[in-house]
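Let's take a walk through this protein together. Have the sequence and the 3D view side by side, and look up each residue as we get to it.

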Amino acid sequence: SPGVYPPLSALHILGIALLVGAIVPVDLAAIGVLRGAIRGAVDVLARFAVAGFIMASTTGAFLATVQLSRYVEKDIFLLKLGLIVVAGLNAAVFRTMQSGMVRQITAAISLSLWVSVIFAGRWIAFS
């Protein structure tokens, strides 16, 4: 329905903003770039990141159904989905590991993965 797609797309972008806006400071704190007050906010930010992921993935699934047969033929779409899976696995490692070095590495990987997901998502529209 033409009236549903624009607000759904806007909610998808909002979910991405919530996810990335929350995960970047968490990752930067884990890497050691941000210190001090951010430490107390990490758990809250992590919850916002999860909420953003749920919003972005739910709306993204609905958006994809509009032209799913066309999207699954695009390597960039499949790459985006793969990157999201890897980012999720990386987040699980981040949350379960206590080692400072492992958390720093997974945080740096997280930043790279989510930026890559965003670029892949935009690339879909132009491929």
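Start with Arg70, and keep in mind that this is a predicted model. Is Arg70 buried, exposed or partly exposed? With a relative accessible area of 41%, Arg70 is partly exposed, because that label covers whatever falls between under 20% (buried) and over 50% (exposed). You'll find Arg70 in helix α3. Now look for Val26, which sits 44 residues away from Arg70 along the chain. In space, 36 Å separates the C-alpha atoms of these two.

Helix α3 covers residues 68–71, and Leu68 belongs to it too. Leu68 has a relative accessibility of 39%, so it also counts as partly exposed. What kind of surface patch does Leu68 help to form? A nonpolar one: Leu68 teams up with Val72, Leu78 and Leu81, and together they offer about 310 Å² of accessible area.

Time to zoom out. The protein chain has five helices and zero strands, so if you read its elements from the N terminus on, you get α-α-α-α-α. The C-alpha atoms fill a box of roughly 45 × 25 × 20 Å, taken along the principal axes. How much of the chain is tucked away? Of its 127 residues, 31% count as buried.

Two of those buried residues are worth a visit, and both lie in helix α1. Ile23 is buried, with a relative accessible area of 15%, which is under the 20% cut-off. Pick out Thr106 as well: it is 83 residues from Ile23 in sequence, yet the two C-alpha atoms are 12 Å apart in space. Ala29 is buried as well, with a relative accessible area of 5%. Compare its position with that of Leu14, which is 15 residues from Ala29 in sequence and 23 Å from it in space, C-alpha to C-alpha.

For a contrast, move over to Asp75 in helix α4. Here the relative accessible area is 65%, and Asp75 is exposed, because the cut-off for that label is over 50%. Asp75 and Ala120 are 45 residues apart in sequence, and their C-alpha atoms are 9.8 Å apart in space.

Now for the empty spaces. Rolling a probe the size of a water molecule over the atoms shows where empty space is left. How much space lies in the largest pocket? About 770 Å³. Its lining is made up of 28 residues, and the ones nearest its centre are His12, Gly60, Leu63, Lys80 and Gly121. Which helices take part in this lining? At least two residues come from each of α1 (5–31), α2 (38–65), α3, α4 (75–96) and α5 (100–125). Sort the lining by class and you get 18 nonpolar, six polar and four charged residues.

The second largest pocket holds about 360 Å³ of space. It is lined by 18 residues, with Leu19, Ile23, Ala49, Val50 and Ala91 nearest its centre. You've met one of these already: Ile23, the buried residue from before. Helices α1, α2, α4 and α5 each supply at least two residues of this lining. Which helix gives the most? That's α4, with seven residues. By class, the lining of the second largest pocket has twelve nonpolar, four polar and two charged residues.

Conventions
Residues numbered from 1 in each chain as written. Predicted model: local features only at pLDDT ≥ 70, side-chain atom pairs only at ≥ 80, totals over all residues. Heavy atoms only, no water. Patch = residues over 30% accessible without salt bridge, like charges linked within 9 Å, V, L, I, M, F, W, Y side chains within 5 Å. Areas by Shrake-Rupley, 256 points an atom, 1.4 Å probe, with all protein chains shown as cover. Salt bridge = Lys/Arg side-chain N within 4 Å of Asp/Glu carboxyl O. Helix = DSSP H or I, 4+ residues; strand = E, 2+ residues; numbered from the N terminus. Buried < 20%, exposed > 50% of the residue type's maximum accessible area, 1.4 Å probe, protein only. 1 Å grid on protein atoms, 1.4 Å probe; cavity = no way out; pocket = protein on both sides within 12 Å on 5 of 7 lines; lining within 4 Å. Points joined across faces, edges and corners; volume = space filled by probe spheres on them. Nonpolar A, V, L, I, M, F, W, Y, C, P; charged D, E, K, R; others polar.
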